[in-house]
Amino acid sequence: MLERGTVVVVEDDPDISVVVSGILREAGFGIHAFDHGQAGVDAVNKHSPEVVVVDLGLPDIDGFEVTRRIRTFSNAYVLILTASSQELDTILALEAGADDYLTKPFRARELRYRVEALLRRPRLRTDTPHLTASSLQPAPPKAPDAPTDVLDGPESLAHNGLHLHVSTRTVSVDGVEVRGLTASEFELLYTVLINGRVVLSKEDLAQSMRGGQSADDALDRAPDEQVIQVHIANLRRKLGDSAAKPRWIETVHGFGYRLAAPMDQEN
């Protein structure tokens, strides 16, 4: 079987490590497994994996710190494993730079689904002309056989003093670069910008980040939607945006999110 990509697993419980590695190896991934946080960080630097699966509780540095260190040099997708269902742990993990999380105990299908969903997330293409958000129309749906490795859209977007550039993966506000956005936050911001004033539900945003694929069932959708909510909160914080008086991301209560109105227009 040809490998579908490389996954680094950082888990100190040998039984869980064997299970996680076995599930993903059977799914066609090449696996490098480690039981200490710093060893996992070094392995990511060495092997450049597509996905890193990290347990929160490790004997040297915890999963939060592992994720923060990985984010200094890698855009690999990070999936956090946690024995805690507390929302605070989820928030802290995503703030550290994780893309998704999975609560123990989990089913084999859940693990495969979340790893494969990360890998289906579209990449941003760089061969389209410059447009501003004010001139955008909602992105048309892809054909069933269309590739899911890119997002069709402009190279550069601008709205209310914010500029997003695809090829450099940079965002600036009033001329000052916004640092520390994760890949997931960047892609979410792009999706909101390119859809303009169209209201996007949490499931719409989650599906966009899964490359247009729907979640299998409600058990899969609920974590996806919680992750989107936390990512949006983190994105607002890093941009200096306000949920009460939004400059970029407006909450439409009971529906979802959309791009805030231009500052020189009424809602």
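A residue counts as buried when its relative accessible area is under 20%. Keep that cut-off in mind for this predicted model. Glu-185 has a relative accessibility of 0%, so Glu-185 is buried.

Where does Glu-185 sit? Glu-185 belongs to helix H6. Set aside the neighbours within four places in sequence, and Glu-185 still has contacts. Its partners are Leu-94, Gly-180, His-231, Asn-234, Leu-235 and Lys-238.

Now take the helix as a whole. H6 covers residues 183–195, which is 13 residues. At 1.5 Å a residue, H6 should span 18 Å. Its end C-alpha atoms are 18 Å apart, so the model agrees with the expected span. H6 is also mostly covered, with 13 of its 13 residues buried. After H6 comes Gly-196. The phi of Gly-196 is positive, near 60°.

Next, look at a partner helix. Two packed helices are described by the angle between their axes and the distance between the axes. Helix H7 consists of residues 202–209. The axes of H6 and H7 come within 10 Å and cross at roughly 120°. Angles from 65 to 115 degrees count as roughly perpendicular, and those over 145 as roughly antiparallel. The angle here falls in neither class, and H6 and H7 are therefore oblique to each other. Their crossing is right-handed.

Which residues meet there? H6 supplies Ser-184, Glu-187, Leu-188, Thr-191 and Val-192. H7 supplies Leu-205, Ser-208 and Met-209. The residues of this contact divide into four nonpolar, three polar and one charged.

Key: Residues are numbered from 1 along each chain as its sequence is written. This is a predicted model: local features need pLDDT of at least 70, side-chain atom pairs count only at pLDDT 80 or more; totals for chains, interfaces and linings use all residues. Side-chain values use heavy atoms; hydrogens and water are left out. Helices (H or I, at least four residues) and strands (E, at least two) are DSSP runs, numbered from the N terminus. The expected span of a helix is 1.5 Å times one less than its number of residues. Buried means under 20% relative accessible area, exposed over 50%, partly exposed in between (1.4 Å probe, protein chains only). Contact means heavy atoms within 4.5 Å. Axes are lines fitted to C-alpha atoms, for helices over the stretch in contact, and angles run from 0 to 180 degrees between N-to-C directions. Angles under 35 degrees count as roughly parallel, over 145 as roughly antiparallel, 65 to 115 as roughly perpendicular and the rest as oblique. A crossing is left-handed if the near helix is turned anticlockwise from the far one by less than a right angle, and right-handed if clockwise. Ala, Val, Leu, Ile, Met, Phe, Trp, Tyr, Cys and Pro count as nonpolar, Asp, Glu, Lys and Arg as charged, and the others, Gly among them, as polar.
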